[in-house]
Amino acid sequence: MRKTISFQTSIQLGAAILALALLSQIMAGCGDSPNKAVTVEKPNGRAMYVSYCEICHGEHGDGPMADMLKVPPPDLTLISYRREDGKFPEAQIHAIIDGREKIAGHGQGDMPIWGVTFHQSEGIDDEAVLNERIDMLVKYLESIQRKPEE
Ligand code: HEC
């Protein structure tokens, strides 16, 4: 029962964030954004992160919505560091972002199920396109990994 509710909430939350994301992309278009690739038509990893993820994860787990969440959103620049082997777990991160497959050891939190959200709100029906979008995010996250205090 609780699971169903939190699943629904995740989707609604995801949809709300997508709406916000679209708004911020429109506003970014009016401002002095240095990155011309920030458009809805031509997605890239960084632009997607700014649009969909920063509201919770921020730069270092400190997005504007972070305080409202039961489970704090992790600092996504420290994924590799938090693992003992220091390697970036590409496939696992892909699966976590997609969220449709349950991952052992990964809590429910309020992390939206992007596999569902991208599919519903952006009308991405093609599984390959959906995976490509998630891959862009994964590659972006991999590129921002760091060691703390350095
Ligand atoms: C509504 C807030 C919210 C948004 C928006 C959000 N996340 Fe999350 N995310 C979370 C929370 C909370 C967790 C921790 C979940 C848990 O452990 O149960 C999390 C966990 C993660 C993790 C797992 C990190 C780890 O080290 O295990 C990844 C990867 C991640 N998010 C990526 C993303 C990406 C990419 C986006 C944008 C497409 C995104 N998140 C958007 C809240 C959010």
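Here are some exercises, with worked solutions, on helix α6 and its surroundings in a predicted model.

**Exercise 1. Get an overview: which elements does the protein have, and in what order do they run?**

Start with the count: there are six helices and zero strands. Next, walk along from the N terminus, and you read α-α-α-α-α-α. Now look at burial: of the protein's 150 residues, 19% count as buried. Finally, take the contacts with a separation of 6 or more: residues 24 or more positions apart account for 53% of them.

**Exercise 2. Compare the reach of α6 with its expected span.**

Find the helix first: α6 covers residues 127-143, which is 17 residues. Then go from its first C-alpha to its last, and you get 24 Å. At 1.5 Å a residue the expected value is 24 Å, and the helix comes close to that.

**Exercise 3. Work out how the buried residues of α6 are arranged around its axis.**

List the buried residues: R133, I134, L137, V138 and L141. Look down the axis of α6 and these residues fall within an arc of 140 degrees, so they line one face of the helix. A general rule helps here: an α-helix has 3.6 residues a turn, so residues three or four places apart point the same way. Now turn to the face pointing away from the buried side, where the exposed residues A128, E132 and S143 sit. As a last step, ask what the buried residues pack against: the partners are α2 (45-57), α3 (79-82), α4 (90-98) and α5 (114-121).

**Exercise 4. Describe how α5 packs on α6.**

For a pair of packed helices, the things to look up are the angle between the axes and the distance between them. The axes of α5 and α6 come within 11 Å and cross at roughly 125 degrees. Angles of 65 to 115 degrees would count as roughly perpendicular and those over 145 as roughly antiparallel, so α5 and α6 are oblique to each other. The handedness of this crossing is right-handed. Then pick out the residues that meet: W114, G115, F118 and H119 from α5, and L130, R133 and I134 from α6. On the α5 side, the buried residues are W114, G115, T117 and F118. Just after α5 comes G123, with a positive phi near 65 degrees.

**Exercise 5. Do the same for α4 and α6.**

Here the axes come within 9 Å, and they cross at roughly 125 degrees. That makes α4 and α6 oblique to each other too, and α4 passes α6 in a right-handed crossing. From α4 the contact uses E90, I93, H94, I97 and D98, while α6 brings I134, D135, L137, V138, L141 and E142.

**Exercise 6. Classify two residues: is each of M136 and Y52 buried or partly exposed?**

M136 lies in helix α6. Count its C-beta neighbours inside 10 Å and you get 17; buried takes 20 or more, so M136 counts as partly exposed. Leaving out residues up to four places away in sequence, M136 touches P43, N44, G45 and M48. M136 and R46 are 90 residues apart along the chain, yet their C-alpha atoms are separated by 8.2 Å.

Y52 belongs to helix α2. With 24 other C-beta atoms within 10 Å, Y52 is buried. From Y52 to P112 is 60 residues in sequence and 9.8 Å in space, C-alpha to C-alpha.

Methods: Residues are numbered from 1 along each chain as its sequence is written. This is a predicted model: local features need pLDDT of at least 70, side-chain atom pairs count only at pLDDT 80 or more; totals for chains, interfaces and linings use all residues. Helices (H or I, at least four residues) and strands (E, at least two) are DSSP runs, numbered from the N terminus. The expected span of a helix is 1.5 Å times one less than its number of residues. A residue is buried if 20 or more other C-beta atoms lie within 10 Å of its own, exposed if 12 or fewer, and partly exposed in between; C-beta atoms are placed from the backbone. The arc is that of the directions from the helix axis to the C-beta atoms. Two residues are in contact if their C-beta atoms, placed from the backbone, lie within 7 Å. Axes are lines fitted to C-alpha atoms, for helices over the stretch in contact, and angles run from 0 to 180 degrees between N-to-C directions. Angles under 35 degrees count as roughly parallel, over 145 as roughly antiparallel, 65 to 115 as roughly perpendicular and the rest as oblique. A crossing is left-handed if the near helix is turned anticlockwise from the far one by less than a right angle, and right-handed if clockwise.
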